[in-house]
Each structure stands twice: as C-alpha cells, then as structure tokens.
Amino acid sequence: MPPLVFAGEARELTAALAQAAAGRAFVLQAGDCAESFHDFAAVTIREKLKILLQMAAVLTWGATLPVVKVGRMAGQFVKPRSSPTERVGDLELPSFRGHMVNGEAPTPEARTPDPERMLEGYHQSAATLNLLRAFTKGGFADLQRVQGWNQEFVATSREGRRYEQTAAEIERALRFMAACGIEVSAAEQLRQVTLWTSHEGLLLDYEEALTRRDSLTGDLYDCSAHMLWIGQRTRRIDGAHVEFFAGVKNPLGVKLGPDASAAEVLALCERLNPERIPGRLTLITRLGAERIADLLPPLLASVREAGHPAVWICDPMHANVYTTSSGRKTRHFDTIMAELEGFFAAHEAEGTWPGGVHLEFTGDDVTECLGGSDRVGEDELDARYMTLCDPRLNGRQSLELAFRVAERMRARR
Ligand code: PEP
Ligand code: CO
C-alpha cells in the first residue's frame with residue numbers, strides 16, 4: 001500500500017515541534033482514545049475537527065504563539081491494555097485491543113485478533129486523512145468561521161459569561177486586522193491550517209509495513225502518521241517499541257507515568273534522540289493531579305541539566321481515571337484541570353516551557369467525563385456513554401478546557 005504521509009511532512013512537523021521545544025509554540029494534541037470502525041463518517045470527522053480548530057484558536061490567543069495542531073486521528077485504532085483478559089459474566093475473554101486488532105463485542109469470536117483489520121484500518125486512515133486535508137485547506141478552517149462557532153459556544157453555554165471577554169478580545173483582534181487593511185477572509189494564514197496526524201505506535205506489524213525509505217534523504221520514516229508515540233506500557237528502554245522507533249526519523253512522543261524515574265527518562269532521551277534534534281522528542285507526562293507537583297519538577301530539572309531539547313506536554317487524562325460504583329470508567333473535569341494547573345506551576349518553578357496539552361475528546365455530546373459547565377453527574381454517565389475505551393471530554397467540556405488554559409497562559413504572559 002502507498003504511504004499515508006510523506007517524509008517531508010514529518011520533517012516539517014519536527015521543525016514545528018522544535019519551536020515548541022524552544023518556547024516559541026504550543027502543541028495541541030487531541031482526539032479519540034480509540035477511533036472506531038463503526039464511527040467512520042464525514043460528520044464524526046468534521047465535528048471532531050471543528051472542536052479541535054475552536055480549541056486551537058482560543059489557545060493561540062492565550063499563548064500569543066502558534067499552536068501546533070496534532071490529531072489523535074486517522075490511525076488511532078490500537079489500544080494497550082493493563083490486563084490481557086477481561087471477565088464478562090461467566091466468560092473470561094481476551095481484552096478488546098482496538099479495532100485494528102479485534103472487536104469490542106463480548107464474544108470469543110469478536111475478541112479473536114484478525115489481521116484483515118489492519119487493512120480496514122489503513123483504508124479508514126487514508127480516507128480520514130484525505131477529508132482532513134480537504135477541510136483544513138478548503139475553507140472550513142477559516143478563522144472567522146471558527147470564531148463564529150466559539151461565539152456561539154459562549155452565548156449558549158451555562159457558564160458562557162466567563163469566557164465572553166476572551167471571545168470578545170479575539171473578535172476585536174480580527175476587526176483590528178481588517179481595519180489595517182488585511183482581508184481576513186482572503187489571507188491564507190487565516191483561511192487554512194495544518195493539522196498533523198498521530199497515534200500510538202503500538203502494533204509493530206502495521207507500523208513496520210508502512211515504514212519506507214525516503215527517496216530524498218535515504219532515511220527511514222514510519223509513514224502511517226506524521227508523529228507516533230510510545231505508550232506508558234511499552235516504553236521499556238530494552239523493549240521492542242523503543243528499538244523500532246529509535247530507527248525511524250519521525251517526530252516521536254513518549255508517555256511518562258508516575259513510575260518514570262529521571263534516569264529512565266534520560267535513557268529514553270539518549271536512545272530516541274541521541275543527536276539532540278529539537279522537535280524529535282516530545283515527553284508526554286501523565287502523572288495524576290495529586291502527584292504532579294512532586295513528580296514533574298525533578299524530571300524537568302534532569303532533562304534540562306542534561307541539555308536535551310524536549311517538548312514537554314501534559315496529558316491530564318490518563319492518570320486521573322477512576323471507576324464509579326456502577327462500574328463506569330470516568331474522569332472529573334476538575335481533576336483534569338488540576339493536573340494542568342500542576343503542569344503550568346511546575347514549569348514556572350523550573351523555568352522550563354509548558355509546551356502543550358494532550359487530550360482525549362470527541363465532538364459528540366457524550367457523557368463520559370464528569371463535571372464541566374454542564375455539570376455531568378455520576379448518575380448521568382449512562383445517558384450517552386459511547387467510548388470504546390477511555391472516557392472522553394465532550395465538545396463543550398473540551399472548549400471550556402481550552403478557554404481555561406488560554407486564560408491561564410494569558411495570566412502567565
Ligand atoms: C492512551 O493515550 O490512550 C493511553 C493508553 O495512554 P498511556 O500509554 O499514557 O496509558
Ligand atoms: Co486513552
């Protein structure tokens with residue numbers, strides 16, 4: 001099969017991320033926990049992109065810096081699991097591992113891995129990427145439209161007033177540009193955006209098949225996505241995933257959970273970025289709201305002292321999951337915000353740059369995460385709990401988070 005992305009694009013993303021490593025850009029990496037073969041439709045893709053663009057516009061204002069937009073999209077089909085099996089009633093079944101491996105239905109047939117699923121995943125990724133490229137270059141991403149959607153959110157959300165001032169300031173900035181003679185709807189920078197793709201590089205059979213030698217440089221690139229990350233469960237320094245990704249030139253991410261020691265992190269930096277290329281390596285911390293204040297500063301200090309040019313981004317989702325008494329996996333909006341606050345505070349204390357955020361969200365109106373201005377409660381989770389894996393922020397919770405982070409960054413500057 002032809003590659004999905006071109007090596008030159010992966011190099012461009014490395015350059016964009018290098019700006020984030022140097023404190024001159026902010027990264028928004030976001031999308032589904034697990035994309036679904038059943039959700040493969042233009043509306044799903046469009047609604048997710050719409051929220052992502054809205055968040056990016058607000059964050060650009062907050063940071064007064066370019067926002068590097070990276071989707072967990074067009075290939076996020078494989079999931080690591082803490083347990084290889086799962087108990088459903090009387091049955092002990094293999095765990096669901098994402099649609100590129102098996103099905104989620106609780107039957108032995110559905111849970112049997114099927115390699116044909118890699119082909120389906122490839123085709124869905126290709127079609128999704130094609131539509132994303134069309135939307136982002138064809139006028140859908142026009143900043144004035146995006147701002148219109150944000151104003152609608154502010155006008156219709158329960159706590160909207162809180163964000164009115166931010167939305168109004170962006171509006172003034174657009175009018176100011178227009179008054180200066182910039183034709184806002186014609187300027188390419190305001191009409192088009194670049195959205196990069198990423199997923200967890202977990203299924204090495206698939207990643208290897210899409211790894212190709214670049215005809216321009218002779219280097220190997222994993223052309224299944226622009227950026228790949230190594231998950232918390234597969235980041236062992238002597239493991240297969242680190243070995244594989246050390247050999248390709250794409251920009252890489254590594255998830256760092258609460259057990260990550262400074263020595264391990266430095267070993268990963270040395271192994272994955274021995275030439276210390278800015279933008280090559282993004283460290284995605286997911287430490288938990290309660291522990292980030294203790295755990296993050298020593299990691300920041302060690303990497304800084306070793307002179308590694310890492311991009312630091314915060315995943316406030318994965319260490320803040322708990323199961324309700326009715327058995328639903330969830331996360332609370334306030335806990336997510338608390339980990340983000342800990343992230344900004346730790347970087348302020350260490351003099352390092354809080355380079356971005358990594359989120360799980362959907363454009364749909366789901367009830368999977370608690371709280372937010374719509375105050376989703378535990379008893380409401382069953383209403384629209386649709387995720388295949390982890391609980392995602394819904395569209396409104398995502399926007400609220402973006403406004404809050406933007407205000408936080410604004411205060412900092
Ligand atoms: C994920 O990003 O969906 C995930 C499983 O994360 P982690 O590897 O950090 O647990
Ligand atoms: Co997840």
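Is H38 buried or exposed? H38 is exposed, with a relative accessible area of 60%. The legends below describe close-up views of a predicted model.

**View 1. H38 in a loop of the predicted model.**
H38 sits in the loop that joins β1 (26-31) to α2. Its relative accessible area of 60% makes H38 exposed, because exposed means over 50%. L388 is 350 residues from H38 in sequence, and the two C-alpha atoms are 10 Å apart in space.

**View 2. The surroundings of ligand 1.**
The residues around ligand 1 are C33, R72, K79, P80, W229, G231, Q232, R233, K255, R286, H318 and E360. Sorted by class, this shell has six charged, three polar and three nonpolar residues.

**View 3. Polar contacts of ligand 1 with K79, R233 and K255.**
An N or O atom in the side chain of K79 is 2.7 Å from an oxygen atom of ligand 1. For K255, a polar side-chain atom lies 2.7 Å from an oxygen atom of the ligand. For R233, the distance from a polar side-chain atom to an oxygen atom of ligand 1 is 2.8 Å. Taken alone, ligand 1 exposes 300 Å², and the protein buries 98% of that.

**View 4. Helix α5 and its two sides.**
Helix α5 covers residues 161-179, 19 residues in total. From its first C-alpha to its last, α5 reaches 27 Å, close to the 27 Å expected at 1.5 Å a residue. Which residues of α5 are buried? They are Y163, T166, A167, I170, E171 and L174. Seen down the axis of α5, these buried residues fall within an arc of 140°, so they line one face of the helix. An α-helix has 3.6 residues a turn, so residues three or four places apart point the same way. R161, Q165, R172, R175, F176 and A179 are exposed on the other side of α5.

**View 5. Helix α4 and its buried face.**
Helix α4 has 14 residues, numbered 143-156. Its reach from first C-alpha to last is 20 Å, close to the 20 Å expected at 1.5 Å a residue. V146, Q147, W149, N150, F153 and V154 are the buried residues of α4. They line one face of the helix, because their arc, seen down the axis of α4, is within 155°. The face turned away from this buried side carries the exposed residues E152, A155 and T156.

**View 6. Two residues with positive phi, T64 and R375.**
Most residues other than glycine have a negative phi. T64 is not a glycine, yet its phi is positive, at about 45°. The loop that holds T64 runs between α2 (42-63) and β2 (67-72). R375 also has a positive phi, near 50°, and is a residue other than glycine. R375 lies in the loop between β14 (354-360) and α12 (395-412). Its relative accessibility is 49%, so R375 counts as partly exposed.

**View 7. Q76 and its contact with E200.**
Q76 belongs to the loop between β2 and β3 (85-88). What does the side chain of Q76 reach at 3.0 Å? The partner is the backbone nitrogen of E200. Q76 has a relative accessible area of 1% and is buried, because buried means under 20%.

**View 8. Q29 in strand β1.**
Q29 is found in strand β1. At 0% relative accessibility, Q29 counts as buried. M73 is 44 residues from Q29 in sequence, and their C-alpha atoms are 9.8 Å apart in space.

**View 9. Q397 in helix α12.**
Helix α12 contains Q397. This residue is buried, with a relative accessible area of 4%. Between Q397 and F361 the separation is 36 residues in sequence and 8.6 Å in space, C-alpha to C-alpha.

**View 10. A310 in the loop before β11.**
A310 lies between α10 (292-306) and β11 (311-314), in the loop that links them. A310 is buried, and its relative accessible area is 12%. M100 is 210 residues from A310 in sequence and 31 Å from A310 in space, C-alpha to C-alpha.

Notes: Residues are numbered from 1 along each chain as its sequence is written. Chains are lettered from A and ligands numbered from 1 in the order in which they are written. This is a predicted model: local features need pLDDT of at least 70, side-chain atom pairs count only at pLDDT 80 or more; totals for chains, interfaces and linings use all residues. Side-chain values use heavy atoms; hydrogens and water are left out. A residue is near a molecule or strand if one of its heavy atoms lies within 4 Å of it. A polar contact is a pair of N or O atoms within 3.5 Å; within protein, one must be able to donate a hydrogen and the other to accept it, and residues adjacent in sequence count only if both atoms are side-chain atoms. Accessible areas come from the Shrake-Rupley method with a 1.4 Å probe; for residues, only the protein chains shown count as cover. Ala, Val, Leu, Ile, Met, Phe, Trp, Tyr, Cys and Pro count as nonpolar, Asp, Glu, Lys and Arg as charged, and the others, Gly among them, as polar. Helices (H or I, at least four residues) and strands (E, at least two) are DSSP runs, numbered from the N terminus. The expected span of a helix is 1.5 Å times one less than its number of residues. Buried means under 20% relative accessible area, exposed over 50%, partly exposed in between (1.4 Å probe, protein chains only). The arc is that of the directions from the helix axis to the C-beta atoms.
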